[in-house]
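This report examines selected parts of one protein structure. Please view the sequence and the structure together while reading.

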Amino acid sequence: MSEMLRAPAEVKYAEELDWLESVDDGPKPFSWRLSPRMVRLFVLGSEPSDGLDREIPQKWFGDRSFVERSIVTLASDRGLLLIGDPGTGKSWLAELLAAAICRNSTLVVQGTAGTTEDHIKYSWNVSMVIARGQSRESMIPSPIMTAMEQGVIGRFEELTRATSDVQDALISILSEKYVSIPELEEDNIVFAKPGFSVIATANSRDRGVNDLSSALKRRFNFVRIPVVSNKRSEAEIVRFRTTELLRRHRIELEVPPSLLDILLQSFADLRAASASASSDDERLESALSTAEQIGVLEDAILHSHFFGDRTLSPETLAGSLVGSLARRSPEDLAILNKYWHGVVEPRGKDGGPWQGFLEGGRQALTTLS
Ligand SMILES: Nc1ncnc2c1ncn2[C@@H]1O[C@H](COP(=O)(O)OP(=O)(O)OP(=O)(O)O)[C@@H](O)[C@H]1O
Ligand SMILES: [Mg+2]
């Protein structure tokens, strides 16, 4: 297999998916490649009670009820809408589900203000139309149309960022399950094969930009993904992503568990401070999501790899944390300064890794102010 900067889940876990398919004897809806139980197992990992000959690692961390509801929705004739704060793993869950169910997670439309109906229906290959006229050959199906033709899952990222015209077009696709092509005289309807469904994601902070119409809401089952606030699951997510990152960059570097604790603790502290702040100025602009934590750690790891020695130091970690959270000056800087004075300083007095963290953060804050 040739190299890819980032392989889609069905490629990355191809061997595991093949194996699961080979041992799966459960009933499968439509043309699903795995039964609902196996899809859940692929996403959430195996337990000894599953009685499998090999261990399947957990890939998405969160309550099993969200995963089950998502799977059930996809077996129904309604679309699935994963909604939640930025960085809660919505896109990752959508990718894993599509990979497990139909081995194709790449039929994706990205919702933006510039997304048009063509992006979810079809467009034309202009030079072919000029040479040979409009026909099915000169038509370029959108990812959603391709998903309909193949009876697989199409994905729509950031649905609420798309305009209401686009949302309306999606309504007709989800209810009628076909797209007509009025430009053609014959063969002008594309029907969805059984198994076609849509997984959309929406950022709850975006709501209001283009709020979903009630007609669209009726055609989707909502699954609301909360921010992980449980420290243990968060630690698992961060560890999982870090291991993967190190492997991907072929970096040999030790990440001391005590530093992972510091990262988790400082995010937890800053979240609590944001939650109790009375105005937006006293609140970090960052949503302080798990994804951002991963970003901070990734930064720190790459920094140590390129410029440091073979271990991640608390100084570097603090530098990355301050660097990625200080977005607004002076508001964010003031909040971080206050945190460093009030919380990190006392902890750093006792020596240990908090002391290095204290120093690194102080230095970064001085440079930035
Ligand atoms: N619950 C989780 N389980 C596993 N990985 C997670 C989880 N939450 C976040 N991540 C990791 O965080 C990163 C960002 O997640 P993802 O892009 O899926 O977030 P999102 O909810 O789609 O965010 P946005 O609303 O900004 O698009 C990914 O690398 C993902 O693997
Ligand atoms: Mg996303």
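The sections below describe one strand and one helix of this predicted model.

## Strand β8 and its surroundings

Strand β8 covers residues 197–203, and 7 of its 7 residues are buried, so the strand is largely enclosed by the rest of the structure. In a regular strand, side chains alternate between the two faces of the sheet. Both faces of β8 are covered. On one side lie the buried residues Ser 197, Ile 199, Thr 201 and Asn 203, and on the other the buried residues Val 198, Ala 200 and Ala 202.

Two strands pair with β8. Strand β1 (residues 79–84) does so in the parallel sense over 5 bridges, with Ile 83 opposite Ala 202. Strand β5 (residues 153–157) also pairs with β8 in the parallel sense, over 4 bridges, and here Ile 153 stands opposite Ser 197.

## Helix α14

Helix α14 has 12 residues (314–325); at 1.5 Å a residue it should span 16 Å, which agrees with the 16 Å between its end C-alpha atoms. Its buried residues are Pro 314, Thr 316, Leu 317, Ala 318, Ser 320, Leu 321, Val 322 and Leu 325. These buried residues pack against α12 (257–276), α13 (290–307), α15 (331–348) and α16 (353–368).

## The crossing of α14 and α16

The axes of α14 and α16 come within 7 Å and cross at roughly 40 degrees; the two helices are therefore oblique to each other. The crossing is right-handed. Residues of α14 that meet α16 include Leu 317, Ala 318 and Leu 321, and among the residues of α16 on the other side of this contact are Phe 357, Gly 360 and Ala 364.

Notes. Residues numbered from 1 in each chain as written. Chains lettered and ligands numbered in written order. Predicted model: local features only at pLDDT ≥ 70, side-chain atom pairs only at ≥ 80, totals over all residues. Heavy atoms only, no water. Expected span 1.5 Å × (residues − 1). Buried < 20%, exposed > 50% of the residue type's maximum accessible area, 1.4 Å probe, protein only. Contact = heavy atoms within 4.5 Å. Pairing = 2+ DSSP bridges. Axes fitted to C-alpha atoms, helices over the stretch in contact; angles between N-to-C directions. Parallel < 35°, antiparallel > 145°, perpendicular 65-115°, else oblique. Left-handed = near helix turned anticlockwise from the far one by under 90°.
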